[in-house]
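Visitor: I'd like a quick walk through this one, please. Can you take my questions as they come?

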Amino acid sequence: MNYLSWIDYGVLVVLLSLSAGIGIYHGCIRSKQLSTNEFLIGDGQMKILPTAMSLLATVMSAATLLGGPVEVYAYGTMYLYWIFSWIIGTYFTTKFFIPMFRQIGNISIYAYLEQRFSLSVRIAVTLTFIIINIIYCAVILYGPSLALSQITGLDVWLAVVACGIICTLYTSVGGIKAVIWTDVAQTIMMVVGIILSIVFGLIDAGGIRKVFEIAIAGQRIQLINLTLNLSTRYSIWSTFIGGGLYTLAVCSCLQTQGQRYMCVKSTRAAQKVAWINVIMFSIMLLFCACIGCIIYAKYYQCDPLQAKLISKPDQMYPLFIVETLGRFPGLTGLFISSVLSASLSTISSGVNSIVTVLIEDIYKRISVKHTISDRKQAIISKILSVLIGLLIIFLAFVTSYLGDNILVVVFQICGALTSPILGVYLLGFFAPRVNSRNVLVAFLLCLIFQTWILIGANLMIKQQIGRSGRLPTSIKGCSSTINITTQPIIMNATSSHPLLPLYSISFMWYAFTGVCLTVILGLLGSFIFGSNKSNTVEKSLLVSWKDKSSKYDCQDQELQTIERERML
């Protein structure tokens with residue numbers, strides 16, 4: 001059944017037209033994009049608040065928008081401890097990584113790896129980032145579109161092709177300026193969609209007090225979980241340790257985020273961008289938690305997943321929207337617009353960052369011709385943007401033939417494979433005796449190990465030990481007309497497979513294992529196979545806990561006038 005009216009489709013057309021219009025404006029009217037720096041980092045002249053909103057739109061993907069409320073529905077408010085994880089990750093990013101990236105001064109954050117180690121390490125990390133990001137963008141394009149289509153009736157390939165083409169258009173024409181200003185518009189659209197969901201959801205549920213009472217009775221309001229069970233998804237330890245390292249890797253080791261730090265005028269401005277992003281992201285997580293509690297209040301007596309009303313968890317939020325906002329013309333379209341906005345912002349940022357590392361880390365470092373003009377580089381960047389955008393659309397079609405769990409699987413892969421990159425940076429910052437050969441071997445071995453764990457965990461998902469902290473749901477209040485077939489949860493703790501406990505570890509710990517394994521292997525390699533002499537590495541490429549805060553005091557004082565610049 002098609003739940004969308006012509007008004008809903010009208011809202012979608014307006015959104016996509018707005019995105020395309022911003023790209024055309026920045027690429028063809030306001031600026032001719034004649035230089036690579038202008039295309040990739042806006043000549044480092046972007047303002048703080050728009051850049052922070054763009055960073056928010058990049059990390060606040062459609063997966064977070066659709067999956068966040070479901071996590072609270074299924075696991076309770078321990079999900080909100082992600083806020084502390086982001087604070088931890090942002091603190092270390094602003095203290096160590098942003099100053100170092102600004103000091104290196106290259107558009108690509110992976111330039112540091114060549115100066116500290118070698119070109120081989122730089123290219124290995126860059127290729128890993130490209131693979132992760134292309135797959136991630138393809139799934140972000142297809143996954144949410146599929147979830148929306150199965151509930152709202154929106155044609156999945158109409159959404160995929162339209163979003164892919166529009167995103168490719170404004171990214172290739174307008175560059176980073178178009179990406180950032182489009183992200184601002186899309187962030188506003190996301191916030192409007194979420195707030196409307198909360199307002200109408202509370203009205204439908206009978207008010208804040210009723211929602212709060214049902215959530216407490218259903219054990220969804222959880223303030224602390226000190227369990228040491230590594231298979232439990234959300235605990236104090238998994239969020240602070242595993243989540244902290246995950247957010248640090250995402251904030252500091254991905255070109256997608258690092259490129260935003262290079263778009264503003266100074267180190268202090270980049271640090272402000274990171275902290276403003278955390279504040280806004282925390283607010284968005286609180287909104288997602290509110291929606292999760294509201295959804296639970298609506299379905300606490302008839303879980304849609306058990307009742308076969310939906311086939312996947314990420315369809316729960318769209319189902320809630322259709323049943324709550326569907327009677328108001330245009331509001332379902334507005335919600336779809338907010339989800340697709342999250343997809344567009346993530347994909348556009350991904351395409352722009354992939355183009356950046358292809359130009360800076362591979363083409364310029366491998367090509368024997370270094371006399372290419374800046375204008376020609378800008379043209380090459382635009383052509384690459386088009387080709388990568390088309391590749392992502394193609395991979396979205398390929399994704400449609402994979403299993404229903406592909407969204408979760410790829411998110412796990414992205415999280416697990418980012419942490420070894422963080423391990424490489426930590427070795428570069430704090431271990432001067434670790435050389436290029438040792439860190440490259442450690443990085444590759446860790447990638448192999450993380451991939452093995454991911455494959456094993458997903459192949460044995462039906463034999464997982466325990467419930468991973470998942471809270472109980474009910475189907476007592478379901479209509480008798482609904483065909484309900486309950487399936488027992490497998491508690492196969494006595495499985496004969498010796499590695500089942502390892503495969504059952506929560507994905508929240510994947511970042512911890514990735515970082516630790518890379519660091520340990522790198523240090524062991526230095527002891528066994530030889531290391532650098534302590535004086536062979538430039539001190540400017542190392543980080544000291546003592547002098548890092550004072551190292552950039554002179555820079556910050558010199559830029560005091562710049563720091564008074566307007567936020568807008």
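Visitor: Where does Thr256 lie?

Guide: Quick ground rules: this is a predicted model, where local features need pLDDT of at least 70 and side-chain atom pairs count only at pLDDT 80 or more, while totals for chains, interfaces and linings use all residues. Residues are numbered from 1 along each chain as its sequence is written, and side-chain values use heavy atoms, with hydrogens and water left out. Helices (H or I, at least four residues) and strands (E, at least two) are DSSP runs, numbered from the N terminus. With that settled, Thr256 lies in residues 255–261, helix α11.

Visitor: Is Thr256 buried or exposed?

Guide: Buried means under 20% relative accessible area, exposed over 50%, and partly exposed in between (1.4 Å probe, protein chains only). Contact means heavy atoms within 4.5 Å, and leaving aside residues up to four places away in sequence, Thr256 touches Thr58, Phe129, Asn133, Ser349, Gly350 and Ser353. Its relative accessibility is 5%, so Thr256 counts as buried.

Visitor: How many helices and strands does the protein chain have?

Guide: For context, the protein chain has 568 residues, and 58% of them count as buried. Of its contacts with a separation of 6 or more, 88% are between residues 24 or more positions apart. The secondary structure comes to 22 helices and zero strands.

Visitor: Which cysteines are joined by a disulfide?

Guide: A disulfide is a pair of cysteine sulfur atoms within 2.5 Å, and by this rule the count comes to one. The partners sit 176 residues apart, one in the loop between α12 (267–299) and α13 (316–325), the other in the loop between α17 (436–459) and α18 (500–503). Both are buried. With S to S at 2.0 Å, the pair is Cys302 and Cys478.

Visitor: Why is Cys290 not bonded to the closest cysteine sulfur?

Guide: Cys290 itself is partly exposed, with a relative accessible area of 37%. The closest cysteine sulfur is in Cys293, and that is too far for a bond, because the distance is 6.8 Å.

Visitor: Which residues of helix α9 are buried, and why do they line one face?

Guide: Helix α9 spans residues 208–217. An α-helix has 3.6 residues a turn, so residues three or four places apart point the same way. The buried residues of α9 are Val211, Ile214 and Ala215. They line one face because, seen down the axis, they fall within an arc of 100° (taken from the directions from the helix axis to the C-beta atoms).

Visitor: What covers the buried residues of α9, and which exposed residues are on the face turned away?

Guide: The cover includes α8 (156–205) and α12. The face turned away from the buried side carries the exposed residues Arg209 and Ala217.

Visitor: Which residue meets Arg209 in a salt bridge?

Guide: A salt bridge is a side-chain nitrogen of Lys or Arg within 4 Å of a carboxyl oxygen of Asp or Glu. Arg209 is exposed at 66% relative accessibility, and its partner is four residues apart in helix α9, so about one helical turn separates them. At 3.2 Å, N to O, that partner is Glu213.

Visitor: How many salt bridges does a search of the whole structure find?

Guide: Among them is Lys177 with Glu38, the closest N and O atoms being 3.6 Å apart; both residues are buried. Another is Lys298 with Asp204, at 3.2 Å; Lys298 lies in helix α12 and Asp204 in helix α8, so the pair ties together parts 94 residues apart in sequence. The search finds nine.

Visitor: Which elements give two or more residues to the nonpolar patch?

Guide: Patches are made of residues with over 30% relative accessible area and no salt bridge, with like charges joined within 9 Å and nonpolar side chains (Val, Leu, Ile, Met, Phe, Trp, Tyr) within 5 Å. Accessible areas come from the Shrake-Rupley method with a 1.4 Å probe, and for residues only the protein chains shown count as cover. This patch covers about 1,200 Å², and its members include Phe84, Trp237 and Trp275. The elements you're after are α5 (82–104) and α10 (236–253).
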